[in-house]
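Here are some notes to read alongside the structure. Take them one point at a time, with the view open next to you.

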There are 2 protein chains.
Amino acid sequence: MENKHDQEDCSHTHLAIQDTLYVVSGKWKLVILSILVNDGAMRFGELSRKAGISPRILSKELQEMEMNKLVSRTVSNTRPITVTYGATEYADTLKEVIDAMIKWGKNHRKAIAAN
Amino acid sequence: MENKHDQEDCSHTHLAIQDTLYVVSGKWKLVILSILVNDGAMRFGELSRKAGISPRILSKELQEMEMNKLVSRTVSNTRPITVTYGATEYADTLKEVIDAMIKWGKNHRKAIAAN
DNA sequence: CAGTATCCAGCTAGATACTG
DNA sequence: CAGTATCTAGCTGGATACTG
């Protein structure tokens, strides 16, 4: 019984880590998010230029981030249409994770340098 | 001047995130670490069997983790030699990061499920 | 036993060109 | 403008066999 519980807890925990890792890993997700947070909402092309990401990759990343409610996508009825991407309020909840990563990463540099 | 400072802060921050990401990302690093933390130090073969990782990958992961001071490697002068791997005390410092990831991941499941 | 060597499949990211 | 299609290079992880 206890074993079963332990395993379940463990797999839930593992799943939670995987989920977070998925959202935060990869070459661009956090770069995109930080640009949208710091510079505010902007259009697809502008974001592409500012981040230096080719459209194919940017499109894919934004779709995933939208599914994860980290960015919002707003279409304007101009001609041709314009699309604006912005960081959501929900994206702020990631701050705790990112801050923990920043803190550990900074200390780790020192820990490794101090051979 | 302010710009320069901002950029430096930003790049340091970005670097710190990358460093942390490097240590926790990938398919096996946290799995290996949790086994060593939960079950204690053990030998290469045992770890390979317990985690279900082929020797090539396990060896590579352990080397990286040793360089990052997350695992210790101890050679015994038996014949043939035996090698024991264990989680270091320093590995405990990662707990903050991992806990933040677990917490966010668990909440995120709910947030996404509540469509 | 504790790895390393070799070979290989699949995924990630990018360049470039194209479409509504 | 906001993407999608196509093609490609390089990296990650894995199976298997081998060595000291």
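Leaving aside its neighbours within four places in sequence, which residues is Ser48(B) in contact with? Keep in mind as you look that this is a predicted model.

1. Let's start with that serine. Once the neighbours within four places in sequence are set aside, Ser48(B) touches Ile53(B), Pro55(B) and Leu58(B). You'll find Ser48(B) in helix H3 of chain B, which covers residues 44-51. Ser48(B) counts as buried because its relative accessibility is 13%, under the 20% cut-off. A polar atom of the Ser48(B) side chain also sits 2.7 Å from the backbone oxygen of Ile53(B), so Ile53(B) shows up both as a contact and as a polar partner, the pair being within the 3.5 Å limit.

2. Next, the sheet in chain B. Three strands form an open sheet in the order S1-S3-S2, with antiparallel pairing. Strands S1 (42-43) and S2 (71-76) of chain B are at the edges with a single partner strand each, so one side of each has no neighbour in the sheet.

3. How are those strands of chain B tied together? S1(B) is joined to S3(B), residues 82-87, by 2 bridges, and Arg43(B) stands opposite Thr84(B) there. Between S2(B) and S3(B) there are 6 bridges, one pair being Val71(B) with Ala87(B). A hairpin through 5 residues links S2(B) to S3(B).

4. Now over to chain A and its helix H2, residues 29-39. Buried in this helix are Lys29(A), Leu30(A), Val31(A), Ile32(A), Leu33(A), Ile35(A) and Leu36(A). After H2(A) comes Gly40(A), with a positive phi near 85°.

5. The two protein chains meet over quite a list of residues: 37 from chain B are in contact with 38 from chain A. Between them the chains bury about 3,100 Å², with 65% of that on carbon and sulfur atoms. On the chain B side, Tyr90(B), Met101(B) and Trp104(B) contribute 21% of the area buried against chain A, more than any other three residues.

6. Thr20(A) gives a close-up of where the chains meet. This threonine belongs to helix H1 of chain A, residues 2-24, and is buried, with a relative accessible area of 1%. Beyond its neighbours within four places in sequence, Thr20(A) contacts Val97(A) as well as Met101(B), Trp104(B) and Gly105(B). A polar atom of the Thr20(A) side chain is 3.2 Å from the backbone nitrogen of Gly105(B).

7. Finally, which residues come nearest to DNA strand D? Of the 19 around this strand, they are Ser59(A), Arg73(A), Tyr85(A), Lys27(B) and Trp28(B). Sugar and phosphate make up 63% of the atoms of DNA strand D that come within 4 Å of the protein. The surface near DNA strand D is a mix of 7 nonpolar, 5 polar and 7 charged residues. Helices H3 (44-51) and H4 (55-67) and strand S3 (82-87) of chain A, along with helix H4 (55-67) of chain B, supply at least two residues each.

8. For the phosphates of DNA strand D, three side chains of chain A are worth a look. Tyr85(A) has a side-chain N or O atom 2.6 Å from a phosphate oxygen. For Arg43(A), a polar side-chain atom lies 3.0 Å from a phosphate oxygen of the strand. With Gln63(A), the distance from a side-chain N or O atom to a phosphate oxygen is 3.4 Å.

Technical notes:
Residues numbered from 1 in each chain as written. Chains lettered and ligands numbered in written order. Predicted model: local features only at pLDDT ≥ 70, side-chain atom pairs only at ≥ 80, totals over all residues. Heavy atoms only, no water. Pairing = 2+ DSSP bridges. Helix = DSSP H or I, 4+ residues; strand = E, 2+ residues; numbered from the N terminus. Buried < 20%, exposed > 50% of the residue type's maximum accessible area, 1.4 Å probe, protein only. Polar contact = N/O pair within 3.5 Å; in protein donor to acceptor, adjacent residues only side chain to side chain. Contact = heavy atoms within 4.5 Å. Near = heavy atom within 4 Å. Nonpolar A, V, L, I, M, F, W, Y, C, P; charged D, E, K, R; others polar. Buried area = accessible area lost by both parts, 1.4 Å probe.
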